[in-house]
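Here is a walk through one model, from its symmetry down to its ring pairs. Have it open as you read.

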Number of protein chains: 2
Amino acid sequence: MKKAEVPGIGFPVPGDGGRTPQYDERFAAVLTTAAQVIADEGYDRASMRKIASRAGMSIAGLYYYFKSKEEVLYLIQFYTFDSLVKNLKDRLDAGSQESAEARIRLVVENHLGHFLRHLPELKVCARELESLKGDAYEKVLERRREYYLITREIIDELCEGSQQQLDSNLAALALFGMLNWVYMWFNPRRHGDLKRLEEQLSGIFIDGIRPR
Amino acid sequence: MKKAEVPGIGFPVPGDGGRTPQYDERFAAVLTTAAQVIADEGYDRASMRKIASRAGMSIAGLYYYFKSKEEVLYLIQFYTFDSLVKNLKDRLDAGSQESAEARIRLVVENHLGHFLRHLPELKVCARELESLKGDAYEKVLERRREYYLITREIIDELCEGSQQQLDSNLAALALFGMLNWVYMWFNPRRHGDLKRLEEQLSGIFIDGIRPR
DNA sequence: ATAGTTATCGAACGCTCGTTCGGGCAAGCG
DNA sequence: CGCTTGCCCGAACGAGCGTTCGATAACTAT
């Protein structure tokens, strides 16, 4: 059976073409395990042997699901940003009548919420973009840019009529800096109160850029 | 001749004990080259062979100056934070009568200024702390904590009397997030105006946390 | 029962890595 | 002059890497 592919990449995608449910389940489970190993040790030190052994299978068994190590990394990053963007769009659609400030809070809430549920994946995305090359790199970059643009448009709206000339591009990058740096210090035991974390960070950012 | 050592670590330090000036010069030059290679390719992919070849010497020659690859990484991070802290202390001493807001601006100015002058080193520090182990990791962490504490004290002062309960710990981490994420998007040609970058970022942060 | 597909494995190949070893060459000093 | 010392090298070693190959059971459809 021919494998379904992401157009223009040649990497397979699960759950979309006659493969068995067991296959899809195992595929997703192995990808989750791989994200944990890569988050813990970094892409280069996370060998296919370690990933296979943590997933309870042989190296050759791993290659039944993924055709290369880079594909594993690509899929983690692609799916992570894909679901990040999809969730954000859903939230923004549901709250489209809200103020720009409320929608920025939605962005922060979405990002940190996803972060808590998929800590290893987010860490991998924050650190390993540059470990991809060629088409895989471009495809992930495209998703990131989409995510960035959605956010920057809200920031543009929030800055409207500000007397200070604030660069919304820089502001968006500052926001992502705050949010993506979280993996460096976050500890579920110390910072488990997600609501509080969201409020503090979005508070700093919103008060920081709001016109006065 | 016995090599001088950082107390408790066992790693050598240049410029402090009877070695020739050529040695110190070459040592520093090789370390700068190593920082460039590691910033470009990541610690694991940056092989000793590549570092040696970019520095114009053989692998074995490299081992005359450094006793392991991890030592190279340690020295880059240790010296970078060392000089970052030293410069910051100097600036803060010179501006000790200034307001907390002005001193936060000094922190941002110092960090980004150092960033522009030592882009590869800062990138290495932002990404490769976890590639260190044991004593080297602890020693670098110690320097980072010192840098963090200096900054957080100023933030504490800036938040004094704020009616909102703002967590200065989170605020400091948010600031470092903004500043350290810069390596992900900074382009000297697009963002060459350092003064403007400093003003925008410190503006966002200060307005974000200042009591109102 | 037979043929084909799915999921898995052990073993190996070729390569790169960090590190070491023994030596060599030039400068400075006795 | 001979000898030490500072600086540097070619070559090698053992380990770990990503990837491939052929084989093997279990299941499914004919």
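The notes below take symmetry, then DNA, then a helix and the aromatics.

## Ground rules

This is a predicted model, where local features need pLDDT of at least 70 and side-chain atom pairs count only at pLDDT 80 or more, while totals for chains, interfaces and linings use all residues. Residues are numbered from 1 along each chain as its sequence is written, chains are lettered from A and ligands numbered from 1 in the order in which they are written, and side-chain values use heavy atoms, with hydrogens and water left out.

## How the two copies sit

Turn chain B by 180°, with a shift of 0.0 Å along the axis, and it lands on chain A with an RMSD of 0.0 Å (a least-squares fit on C-alpha atoms of residues with pLDDT of at least 70 in both copies). That's the relation of a two-fold axis. Within chain B, B:Gly208 gets closest to the rotation axis, its C-alpha being 1.9 Å away.

The copies meet through the same surface, because 100% of the interface residues of chain B are interface residues in chain A too (contact here means heavy atoms within 4.5 Å).

## Around DNA strand C

Which residues come nearest to DNA strand C? Of the 20 around it, they are A:Ser58, A:Tyr64, A:Tyr65, B:Tyr63 and B:Lys69 (near means a heavy atom within 4 Å). On the DNA side, sugar and phosphate make up 51% of the strand C atoms that come within 4 Å of the protein. H3(A) gives the largest share of this surface, with four residues (helices are DSSP runs of H or I, at least four residues, numbered from the N terminus).

Phosphate oxygens of strand C are approached by a polar side-chain atom of B:Tyr63 at 2.6 Å, by a side-chain N or O atom of B:Lys69, also at 2.6 Å, and by a backbone N or O atom of B:Met48 at 2.8 Å.

## Buried helix, buried rings

Helix H6 of chain B (residues 119–127) is largely enclosed by the rest of the structure, because seven of its nine residues are buried (under 20% relative accessible area with a 1.4 Å probe, protein chains only).

Over all chains there are 26 aromatic pairs (Phe, Tyr or Trp rings, the six-membered one for Trp, with centres within 6.5 Å; planes under 30 degrees apart are stacked, over 60 edge-to-face, the rest tilted). One of them, A:Phe81 with A:Tyr147, is edge-to-face, at 6.2 Å centre to centre and 75° between planes. A:Phe81 is in H4 and A:Tyr147 in H7 of chain A, so the pair ties together parts 66 residues apart in sequence. Both residues, A:Phe81 and A:Tyr147, are buried.

Notes:
Buried means under 20% relative accessible area, exposed over 50%, partly exposed in between (1.4 Å probe, protein chains only). Helices (H or I, at least four residues) and strands (E, at least two) are DSSP runs, numbered from the N terminus. A polar contact is a pair of N or O atoms within 3.5 Å; within protein, one must be able to donate a hydrogen and the other to accept it, and residues adjacent in sequence count only if both atoms are side-chain atoms.
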